[in-house]
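Biologist: Could you take me on a close look at one part of this structure, the second largest pocket and what surrounds it? I am new to this, so please go step by step.

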Amino acid sequence: MFKYTLKKILGMIPMLFIITFIIYFLLDLTPGDSVSHLMDPEALARLSTEQLNALREAYGLNDGFVVRYFKWLGQLLQGNFGYSSTSGVPVIQIIKETLPATLELSGAALLISTVLGSILGVIGAIKRGSIGDNVLTVAGMIGVSIPQFFFGMVAILIFALNLGWLPVGGRTAPGVVNFMDRIEYLILPALVLGLSLTAGVMRYARTSMLNTMNKEYIKTARSKGIPEWKVNLVHGFRVSLTPVIVLVGFRLPTLIAGSVVIESIFQWPGVGNVFNTAIRSANYNLVMVVALMFVAMVLIASTLVDILTAILDPRVKLEG
């Protein structure tokens, strides 16, 4: 098991290097550079060729692509993530200030989707082929099909603007520090993000429960006269949750990376909202670091899921 885990962890290193190269390469293809985005177009037009070259030299833009990439990578390895080109604030400080808000939103959405999706999936498996199962299946397909931005705008229109039950956006009211006093700001974005992911968890839990119900020990429990509800909940539901837990572990990083749309709609002050703003303002240094953080989190989660799967299923270790 130790060799398998070590192999998986070491395998992340070349993947991370490849990811950094792809991110830097794609952003290098975008029009303009740091000088053109830092300066006003009129001021830039008044600069002479010598002044422009001097500025580009100061920012290291006259170097070749490979040189610039390894300089950037070297700074990352030293823990220097650079500065925001729009505010001048260190990128690491921006991430430290906004990541807790994203984790709060993603954690709440993950809890909602996991609990609701697992319960509905198990009910659909127990009532397989019934009207309720068909209704849940159709609802799940609709939930997967509706874009998050549309779902979010409809929720704001109904519950915030028309009914006035919840705030339109933001994370807290001025001067409010206590979590319970600002929880009303979390409800709507967490529900929108959580419900949009419930359908996937529900289908996964339903399939897992159906597979569990066909196992021999379930049939043996029924033959012993154990009540059906106890067979389903104690013997079936508990075992069927194992694959769902693995799915949940993999979904948290993807939730954090996928919260860009929801945070932008609800003006939630998280990493996703900062990432969206950085793209629109051509703040490429911040974009590169946040994108790398998103992808690295997904890669780490994938590795942890593989290790967890190997622990739960000994056959994976043998095949690995």
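Modeller: Here is a walk around that pocket, followed by a stop at one buried residue. Please keep in mind that this is a predicted model. Let's start with the general idea: rolling a probe the size of a water molecule over the atoms shows where empty space is left. In the second largest pocket, that space comes to about 330 Å³.

Now for the walls. The lining is made up of 14 residues, and those nearest the centre of the pocket are Leu16, Thr20, Leu76, Phe81 and Leu292. Several helices take part: α1 (2-28), α5 (65-77), α6 (91-126) and α14 (284-312) each give at least two residues to the lining. What kind of residues are they, nonpolar, polar or charged? The lining has 13 nonpolar residues and one polar residue, with no charged ones.

Phe81, one of the residues nearest the pocket's centre, leads us to our next stop, Val91. This valine belongs to helix α6. Val91 and Phe81 are ten residues apart along the sequence, while their C-alpha atoms are 5.9 Å apart in space. Val91 also touches Phe81, and other residues it touches include Gly82, Tyr83 and Ser84, as well as Asn285, Leu286 and Val289. Is Val91 buried or exposed? Its relative accessibility is 0%, so Val91 counts as buried, the cut-off for that being under 20%.

Key. Residues are numbered from 1 along each chain as its sequence is written. This is a predicted model: local features need pLDDT of at least 70, side-chain atom pairs count only at pLDDT 80 or more; totals for chains, interfaces and linings use all residues. Side-chain values use heavy atoms; hydrogens and water are left out. On a 1 Å grid over the protein atoms alone, a cavity is a set of points where a 1.4 Å probe fits but cannot get out, and a pocket is an open set with protein on both sides within 12 Å along at least five of seven lines; lining residues have an atom within 4 Å of a point. Grid points are joined across faces, edges and corners, and a volume is the space filled by probe spheres set on the points. Helices (H or I, at least four residues) and strands (E, at least two) are DSSP runs, numbered from the N terminus. Ala, Val, Leu, Ile, Met, Phe, Trp, Tyr, Cys and Pro count as nonpolar, Asp, Glu, Lys and Arg as charged, and the others, Gly among them, as polar. Buried means under 20% relative accessible area, exposed over 50%, partly exposed in between (1.4 Å probe, protein chains only). Contact means heavy atoms within 4.5 Å. Lists of a residue's contacts leave out its neighbours within four places in sequence.
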